[in-house]
Amino acid sequence: MTKAKKTILLVTIVVFIAIGLLVNSFIAGHKRDQPQMFAEPVFDSVPPVFELDQQKFSVLVFSKTNGFRHHQAIPAANQLLKAMAGQQQWNIILTENGAIFNDQQLALFDVVVWNNASGPALTIDQQQAFESYLTTGGGYVGIHAAGDDSHKSWGWYVNDVIRSRFTMHPMWPQFQQANLLTEAVEHPITAQLPAQWSLKDEWYSFESSVRNHGSQVLLTIDENTYDPNFWPMGGDHPLVWAHTVGAGRVVYSAPGHLAAVYQNKHYQQLIGAAIRWAGKMPASLADNK
């Protein structure tokens, strides 16, 4: 073997060792920070105990994670929702207990918010209770990871609730500033938003536009203002949309990875209006927003 070939072989070995060390370091860090992703899913069987003033608009916030856990976003969103509920005099229950998904307790809520809930969070019976709740008139607002690919084992949720499959988000860089375009300018959810606004976050891409599946697109992202890497959707890249499932109302919002997103006044307006719309809030209450 010539000296040049020995050098190439040595460099190749060193590169592969370096890549292996980086991969192992990444996996070790992920196991430390996201242990639930490397364990069997944990399901809940004992429902929480709580009391509600049934004269008030009631919101359930669910953030169980048997998949990736957004350690910063979940508390930031919960803080925003608690403050919103206090200002607007809503009942609010925040829980990671999937056993609350039963017919009796779900019936107490006007809307259920999935705050970055991920993974197979519910048992079959709990899934069926949620399906019944939504199709018979309940409300749902999903935030960010509520629409990622960790829910793919629940066909009804992916196909009827989210209506498009998550593909990926940029990695180089992961978080980017981009322009968002308000499409449904007269919809109650987006009527307060400017025609165009800027936000920094992790931008999800999906297999296809939900416009093709009967959803009303409320907000899109201008792909010319950030780099989607290998996952562009082209000229039609929805980020927020709404539709009905049976007699129930659904809103899904893809932004919401970074904690700072929940401090953005336009995003706060969006989430508040989404909850009111999905929960079919009476005009007399909505006027007090």
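**Exercise 1. Sort the lining of the largest cavity in this predicted model by residue class.**

Solution. Step 1: list the lining. The residues around the largest cavity are W114, G119, P120, A121, L122, Q127, H151, S153 and W154.

Step 2: assign the classes. Trp, Pro, Ala and Leu count as nonpolar, and Gly goes with the polar residues. That puts W114, P120, A121, L122 and W154 on the nonpolar side, with G119, Q127, H151 and S153 on the polar side.

Step 3: check the tally. The lining has 5 nonpolar and 4 polar residues, and no charged ones.

Step 4: add the setting. This cavity holds about 60 Å³ of space, and a search of the whole structure turns up 1 cavity of 30 Å³ or more.

**Exercise 2. Follow W114 from the cavity into the sheet: which residue is its bridge partner in strand 4?**

Solution. Step 1: locate W114. It is one of the residues lining the largest cavity, and strand 3 spans residues 111-115.

Step 2: look across to strand 4, residues 139-143. Strands 3 and 4 pair in the parallel sense over 4 bridges, and the partner of W114 there is G142.

Step 3: widen the view. The open sheet has 9 strands in the order 2-1-3-4-11-10-9-6-7, with mixed pairing. Strand 2 (91-95) and strand 7 (196-201) form the edges, each pairing on one side only. On average, neighbouring strands are turned by 20 degrees against each other, direction ignored.

Step 4: add the helix. Helix 6 packs on this sheet and touches strands 1, 3, 4, 7, 10 and 11; its direction makes about 165 degrees with that of strand 11.

**Exercise 3. Describe the two largest pockets: what are their volumes, and which elements contribute to their linings?**

Solution. Step 1: take the largest pocket, with a volume of about 760 Å³. Its lining counts 31 residues, and H30, M37, F68, H169 and H257 lie nearest the centre. Helix 1 (3-33) and strand 5 (166-168) are the elements giving two or more residues; the largest share, 4 residues, comes from helix 1.

Step 2: classify that lining. It has 13 nonpolar, 13 polar and 5 charged residues.

Step 3: turn to the second largest pocket, of about 230 Å³. Here 12 residues form the lining, with M84, Q88, Q268, Q269 and R276 nearest the centre. Helix 2 (73-88) and helix 6 (265-278) each give two or more residues.

Step 4: classify again. The second largest pocket is lined by 4 nonpolar, 6 polar and 2 charged residues.

Definitions and conventions
Residues are numbered from 1 along each chain as its sequence is written. This is a predicted model: local features need pLDDT of at least 70, side-chain atom pairs count only at pLDDT 80 or more; totals for chains, interfaces and linings use all residues. Side-chain values use heavy atoms; hydrogens and water are left out. On a 1 Å grid over the protein atoms alone, a cavity is a set of points where a 1.4 Å probe fits but cannot get out, and a pocket is an open set with protein on both sides within 12 Å along at least five of seven lines; lining residues have an atom within 4 Å of a point. Grid points are joined across faces, edges and corners, and a volume is the space filled by probe spheres set on the points. Two strands pair if DSSP finds at least two bridges between them. Axes are lines fitted to C-alpha atoms, for helices over the stretch in contact, and angles run from 0 to 180 degrees between N-to-C directions. Contact means heavy atoms within 4.5 Å.
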